[in-house]
Amino acid sequence: MSSIYEKYEPVIGLEVHAQMKTKTKAFCGCPADFHAPPNSNVCPVCLGHPGVLPVLNKELIDFAIRMGLATKCSIRENTLFARKNYFYPDLSKGYQITQFETPLCYDGLVNIRLKDRSVKRIGITRIHIEEDAGKSIHDFSDDDTLVDFNRCGVPLIEIVSEPDMNSSDEAHRYLYKIRQILVYLGINDGNLEEGSMRCDANISVRLKGDSKLGTRTEIKNLNSFKNVVDAIEAEIKRQADLIEAGEKVSYHTMTYNAKDKTTSHTRSKEEAHDYRYFPEPDLVRLHVSSEQIEKVREILPEPPDERSERFIFQYSLTETEAEEITSEKPLADFFESIVDQLKKKDDKTFKTSANIFRVDVKRVLNEEKIDISTFHLSPAVLANLADSVSEGTISASASREVFTELLAAKDASEQSKLFGELENKYRQVSGESEIEEIVKSVLSENKDEVERYKSGEKKLAGFFVGKVMQASKGKANPKIVNELLIKNLEVKL
Ligand SMILES: [Zn+2]
């Protein structure tokens with residue numbers, strides 16, 4: 001951004017709506033899967049027929065408590081549900097059931113890692129339960145709008161942050177962290193593009209150093225990381241331009257137009273919302289006992305930050321290694337399944353496993369654009385490889401070759417058989433006499449370089465090591481190669 005924007009500080013809070021992976025909807029027995037054919041997962045309750053009564057889904061309460069515990073929230077023992085009026089055709093009963101004054105979880109926090117590796121704490125104001133609306137489809141016909149009610153009553157939690165973020169990058173990192181926690185807890189599939197997570201961003205700007213907040217605007221329905229970043233950037237610029245022009249920012253809900261990367265006011269009809277919350281008369285007060293909270297805590301899947309810290313402690317990984325491996329739950333699970341099958345459970349072998357995983361496995365995932373669930377080498381054969389490297393049977397450089405050749409083997413038993421053959425083929429040569437023979441032949445074949453080395457070009461040492469390793473097909477033990485090279489070159493000096 002050019003200099004006029006540098007004197008402004010953006011203040012950003014996010015509201016994330018996450019769909020819960022419960023089997024059934026929030027207040028009826030319909031399946032919560034909205035991928036089914038249109039209007040097939042519906043019943044009188046979620047269609048809002050007269051005389052029906054909602055019944056709260058217990059699994060949904062437990063899932064919301066999971067998120068509350070993982071983000072260090074307080075859990076409220078007594079909560080009321082509220083109706084929020086909703087005047088659009090995609091929710092036939094005309095209101096959403098939500099929580100208003102008494103959200104189930106409140107006063108939490110998450111830590112995000114910033115670009116400079118420092119940690120910033122972002123407050124969580126509240127997490128409450130609500131139900132989703134359906135979907136209006138406008139693009140089948142010019143004259144008609146079609147409605148799919150499958151999504152009506154699908155359970156959501158809304159996670160509202162404090163306005164603690166000061167750049168689009170921080171908002172991106174926060175959203176990534178929320179998604180990571182949700183997926184780790186097994187309560188959301190993390191798929192923004194399919195709408196199982198959506199985000200509203202509240203943004204204001206103020207002059208740096210000011211303590212008073214500027215007037216905020218709210219951008220609705222951002223459904224990808226890229227749109228969150230681009231929309232926030234565009235809105236910061238729009239607000240700063242207004243202030244620079246001597247005008248005032250006024251409260252509006254905004255939409256983001258990805259095509260031209262701008263934000264604009266929603267049409268006034270859509271903006272004139274009057275939710276008129278009132279207590280939901282069809283549901284009794286929800287009481288969550290401390291025993292229920294403790295039960296959820298006992299089975300709470302390990303959240304990502306805790307897992308990363310455990311990896312540092314248990315496997316002696318660096319912070320960067322641990323964060324990279326635990327960035328996604330399936331990656332962390334795969335890595336742990338390698339280390340579980342190691343014969344030698346010591347720091348050196350853990351480190352070797354981490355190297356194989358971070359360098360070789362990740363390279364294949366990137367090159368083939370696949371995720372770990374479709375990676376075909378078994379954790380068992382990678383554990384064998386790590387054991388062999390750690391014991392010195394295979395050198396670290398030959399392990400790259402072994403890994404690459406292993407990729408040709410299909411199933412686990414074929415991989416294990418091939419590994420046996422490769423281990424013999426690449427067995428590290430540590431016998432001094434064998435290596436010395438190779439060293440001598442390399443020196444006699446490269447007389448010019450030997451002369452140059454003798455006359456002071458010591459950096460040629462690397463050249464000789466390379467030649468010897470090449471001649472031994474990567475099998476020579478590099479430590480012994482170094483010792484023998486120095487010995488033979490010194491003799492000739
Ligand atoms: Zn239903």
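This is a short tour of one protein model, from its overall form to one sheet and one helix.

First, the ground rules. The model is predicted: local features need pLDDT of at least 70, side-chain atom pairs count only at pLDDT 80 or more, and totals for chains, interfaces and linings use all residues. Residues are numbered from 1 along each chain, as its sequence is written.

Now confidence. pLDDT is the predictor's confidence in each residue, from 0 to 100. Its mean over the protein is 92. Of the residues, 97% reach 70 or more. Where is confidence lowest, and where highest? Helix α6, residues 268-271, is lowest at a mean of 52. Strand β10, residues 155-161, is highest at 98.

Next, the whole protein. We have 18 helices and 16 strands. Both are DSSP runs numbered from the N terminus: helices are H or I with at least four residues, strands are E with at least two. The radius of gyration, taken over C-alpha atoms, is 30 Å. The globule rule, 2.2 Å times the number of residues to the power 0.38, gives 23 Å for 493 residues, so the protein is more spread out than a compact globule. Along the principal axes, the C-alpha atoms fill a box of roughly 95 × 55 × 50 Å.

How much is buried? Buried residues make up 37% of the 493. Buried means that 20 or more other C-beta atoms, placed from the backbone, lie within 10 Å of the residue's own.

On to a sheet. It is open, has three strands, and runs β5-β4-β15 with antiparallel pairing. Strands pair if DSSP finds at least two bridges between them. The edges are β5 (95-98) and β15 (278-279), each pairing on one side only. Strand β4, residues 82-85, joins β5 over four bridges. One residue to find there: Arg83, whose bridge partner in β5 is Ile97.

Last, helix α11, residues 347-368. Its 22 residues reach 31 Å from first C-alpha to last. That is close to the expected 32 Å, which is 1.5 Å times one less than the number of residues. Where does α11 bend? At Lys362, by about 30 degrees. The bend is the angle between axes fitted to the seven residues ending there and the seven starting there.

The buried residues of α11 include Phe350, Ile356, Phe357 and Val361. What do the buried residues pack against? Helices α8, α9, α10, α12 and α13. After α11 comes Lys369, with a positive phi near 50 degrees.

How values were computed. A residue is buried if 20 or more other C-beta atoms lie within 10 Å of its own, exposed if 12 or fewer, and partly exposed in between; C-beta atoms are placed from the backbone. Two residues are in contact if their C-beta atoms, placed from the backbone, lie within 7 Å.
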